[in-house]
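User: Could you take me through the salt bridges in this model, one pair at a time? I am new to this, so please go slowly.

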Amino acid sequence: RYLDNGNIDSSFASNGIFCKPIMQQSDEYALALHILADGNILLAGKAFSGSKILVVRLSPSGEIDSSFGTDGHFVFSNSTYNHFASDIGVQSDGSIILTGFYQQVGLLATFAGKLTPQGKIDSSFGTNGWYISTLGNVYQDVQRLQIQTDDKIVLTSSTAINSNGTDILVTRLTPNGKLDSTFNQIGYKVIDLCCGEYCYAV
């Protein structure tokens, strides 16, 4: 953490830097960050011990918040294939929304998942806590999510659903993790502008 004058804030974590293994024998990467209204910090990314989805909550001072999830973190994987979270957001009630890449046998997909404010999977969201988008089982690379003021969830990603290269995919979900049929009638839209498009923000 840095002060507003650009100097490192030595009061944060260890001499201004949080760098601590969460899981043993695992490389870990934070790919997204969200600062909560109370100053707590959410980190989301991946752990390479089986390529798991990893979420960690820190206190405002940069210490692991052990009241979140299990000993301060949430981990998910249902196979040895590649999963990771690429973005994180928070709904009006404090629920945590994740998005990223999901892989298992015969399936390459994007996902959205929902955690309670306490860091547990919310099984009322989507199917058992997860929305998995396959769109014909094509490769999709989710980059970002945005939560609207009505708690609907907008996902932006890239997809190879067409044969002429990568296109932009925009998906909108209801607050409970279902495709929102009021968006383009089917809940998603593929944008083909030319011969290869990517979307990195929403």
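Analyst: Happy to! Let's begin with Asp180 and Arg172, whose side chains meet in a salt bridge with 2.8 Å from N to O. Both partners are hidden from the surroundings in the sense used here: Asp180 is buried, and Arg172 is buried too. Keep in mind that this is a predicted model, so each distance is computed from predicted atom positions.

This pair also has company. Lys152 joins Arg172 and Asp180 in a network of salt bridges.

Next, look at Asp122 and Lys114. Their side chains form a salt bridge as well, at 3.7 Å from N to O. That counts because the cut-off is within 4 Å, between a side-chain nitrogen of Lys or Arg and a carboxyl oxygen of Asp or Glu. How buried or exposed are these two? Asp122 has a relative accessible area of 15%, so it is buried. Lys114 has a relative accessible area of 9%, so Lys114 is buried as well.

Now go to the start of the numbering, where Arg1 makes a salt bridge with Asp9. Their closest N and O atoms are 3.0 Å apart. Here the two partners sit in different classes: Arg1 is partly exposed, because its relative accessibility is 39%, while Asp9 is buried, because its relative accessible area is 12%. The line between these classes is drawn at 20%, since buried means under 20% relative accessible area.

And how many salt bridges are there by this rule? The count comes to five, and the pairs we have visited, including Arg1 with Asp9 and Asp122 with Lys114, are good ones to find in the structure.

Notes:
Residues numbered from 1 in each chain as written. Predicted model: local features only at pLDDT ≥ 70, side-chain atom pairs only at ≥ 80, totals over all residues. Heavy atoms only, no water. Buried < 20%, exposed > 50% of the residue type's maximum accessible area, 1.4 Å probe, protein only.
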